[in-house]
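Welcome, and thanks for taking a look at this one with me. Here are a few notes to read alongside the model.

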Amino acid sequence: MNAEQMFATIEEVTSKLQIGRKAGCFMEQMTLFDADRYENRNGGTAPHPLASRLRPQTLEAFIGQEHLLGEGRILRQLIEKDQISSMIFWGPPGVGKTTLAGIIAGRTKADFINFSAVTSGIKEIKEVMNQAEISRKMGIRTVLFVDEIHRFNKAQQDAFLPFVEKGSILLIGATTENPSFEVNAALLSRCRVFVLKALEEDDIVRLLQNALQNPAGFAGQRIEIREEQLRAVAVFANGDARTALNTLEMVVLNGEITPDGALLVTDEGLLQCINRKSLLYDKTGEEHYNIISALHKSMRNSDPDAAVNWMCRMLEGGENPLYIARRLIRFASEDIGMADSHALPLAVAAYQACHFLGMPECDVHLTHAVTYLAMAPKSNALYTACKQCREDVRNKTAEPVPLQIRNAPTKLMEELHYGEGYQYAHDTEEKLTNMECLPESMRGTRYYFPTGQGEEKKVRDRLEEVLAWKRERTGADGQS
């Protein structure tokens with residue numbers, strides 16, 4: 001459908017809605033899903049996907065999101081009292097964002113326009129906004145549902161602002177991305193954000209059982225499917241209702257006809273339909289950062305099972321193994337450091353192994369490194385030392401290098417006393433001197449405080465010996 005056809009449809013539907021109101025009735029907006037069948041490319045007709053046919057029309061039929069739609073919950077109250085304002089639904093795919101917007105349209109006395117950020121530009125936005133403004137002057141509210149709102153750029157999102165502010169439209173945006181990052185601050189401040197969660201396994205099972213009993217689903221057929229098979233589909237769906245229903249449809253289509261005319265779902269047919277799970281993992285989006293954070297924090301918490309799980313989630317989601325290996329290298333110094341100095345070369349070796357072999361063979365090398373790092377003694381002493389020192393370097397005066405540790409390659413530099421008073425540690429029995437290596441104003445400053453974890457305990461003991469030796473050879477006035 002091109003833009004002209006889309007707007008012709010919108011105008012036609014708006015006209016019908018207005019006529020319906022004048023006649024004292026309410027007509028729902030016509031959509032592509034109003035019919036049970038659609039025309040295919042061969043000129044014939046075919047049924048719409050199961051997920052489309054079973055889309056709930058009421059709050060009572062809606063499954064999941066009890067934290068928002070349970071009795072007494074805020075969103076349910078707003079819908080039931082017809083007090084909705086502009087809002088954004090944020091959640092993973094297949095949790096009911098579009099369906100919920102449709103239910104709101106059915107409950108509120110307003111025109112409803114379904115608008116896609118994938119196929120629309122500023123021109124289309126302005127045309128729809130102008131129509132909404134005309135409706136507002138006639139006393140008619142417009143609910144504009146924008147799917148994939150994060151796909152709009154800043155200019156496109158800005159086009160909504162004046163109409164949201166004037167009340168020409170009630171905007172309902174749906175996004176799978178964190179709106180804090182993907183929606184303009186000005187627009188976001190005028191919307192309430194509701195977080196929708198992935199459906200629980202029990203919710204998915206209820207959804208599948210309803211599909212088997214619903215006339216729009218498989219109620220007219222005798223389907224023989226066991227409870228554990230439904231559970232397998234629910235687990236495979238990973239909280240996505242659309243995936244669950246589409247998978248059930250495939251499972252039924254691949255069933256075997258029994259002698260008495262029933263359709264039997266076999267384990268073999270089921271396995272063919274759920275042989276690979278589509279994991280929620282966006283390599284450039286929020287979930288990418290959520291999972292790498294989970295990996296890092298699981299290793300820090302010495303939990304190898306959780307760490308390996310998150311690592312495999314990333315690999316199965318298509319992550320570049322070299323990215324994971326680079327993060328392990330960082331972790332080896334940031335969270336382990338001197339407590340186990342073998343961690344860093346092992347992490348580097350894992351990176352090299354991933355570079356040499358690639359996927360899928362390098363997964364075991366990453367597992368090796370992740371498990372080692374998770375079980376190694378932990379110390380963030382290097383990280384805190386580096387962080388504090390960088391803050392001082394950035395914020396304090398850059399003091400000149402003390403003369404005694406300056407290089408003096410020329411006669412002039414020697415005359416300027418470069419290198420004068422330098423003490424060569426190897427000339428002493430202890431391999432130590434009490435020479436000050438920091439600028440005078442920073443005398444006694446410390447950044448590195450080794451812990452007692454793992455091998456770093458030896459480093460701590462050695463450092464304490466060095467500092468005690470230097471204190472003994474420094475005068476009461478602090479001068480050596």
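**Notes for a first look**

1. Let us begin with how the chain is connected. Among contacts between residues at least 6 apart in sequence, 69% join residues at least 24 apart. Please keep in mind as you read that this is a predicted model.

2. Next, the overall make-up. You will find 22 helices and 10 strands in the chain. The chain has 480 residues, of which 40% count as buried. About 26900 Å² is exposed, and carbon and sulfur atoms supply 52% of that area.

3. Helix H11 is a good place to zoom in. This helix covers residues 201-213, 13 residues in total. From the first C-alpha to the last, H11 reaches 19 Å, which is close to the 18 Å expected at 1.5 Å a residue.

4. Which residues of H11 are buried? They are Asp203, Ile204, Val205, Leu207, Leu208, Ala211 and Leu212. Their packing partners are three helices, H2 (50-53), H12 (227-237) and H13 (241-253), together with strand E8 (223-224).

5. Now turn to strand E5, which spans 141-147. Thr142 lies in this strand. Is Thr142 buried or exposed? Its relative accessible area is 3%, and buried means under 20%, so Thr142 is buried.

6. It is worth displaying the surroundings of Thr142 too. Leaving aside residues up to four places away in sequence, Thr142 touches Ala110, Asp111 and Ile113, then Ala132 and Ser135, and also Ser168, Ile169 and Leu170.

7. Beyond E5, have a look at Ile149, placed in the loop between that strand and helix H7 (154-158). Ile149 counts as buried because its relative accessibility is 0%, against a cut-off of under 20%. Phe115 is 34 residues away from Ile149 along the chain, yet their C-alpha atoms are separated by 9.4 Å.

8. Finally, a stop at the surface. Val401, Ile405, Tyr422 and Tyr424 make a nonpolar surface patch of about 380 Å². One of these, Tyr422, is found in the loop that runs between helix H21 (411-415) and helix H22 (456-472).

9. Why does Tyr422 count as partly exposed? Its relative accessible area is 47%. Buried means under 20% and exposed means over 50%, so a residue in between is called partly exposed. Patch residues need over 30% relative accessible area, and the 47% of Tyr422 can be read against that cut-off as well.

How values were computed: Residues numbered from 1 in each chain as written. Predicted model: local features only at pLDDT ≥ 70, side-chain atom pairs only at ≥ 80, totals over all residues. Heavy atoms only, no water. Patch = residues over 30% accessible without salt bridge, like charges linked within 9 Å, V, L, I, M, F, W, Y side chains within 5 Å. Areas by Shrake-Rupley, 256 points an atom, 1.4 Å probe, with all protein chains shown as cover. Salt bridge = Lys/Arg side-chain N within 4 Å of Asp/Glu carboxyl O. Helix = DSSP H or I, 4+ residues; strand = E, 2+ residues; numbered from the N terminus. Buried < 20%, exposed > 50% of the residue type's maximum accessible area, 1.4 Å probe, protein only. Expected span 1.5 Å × (residues − 1). Contact = heavy atoms within 4.5 Å.
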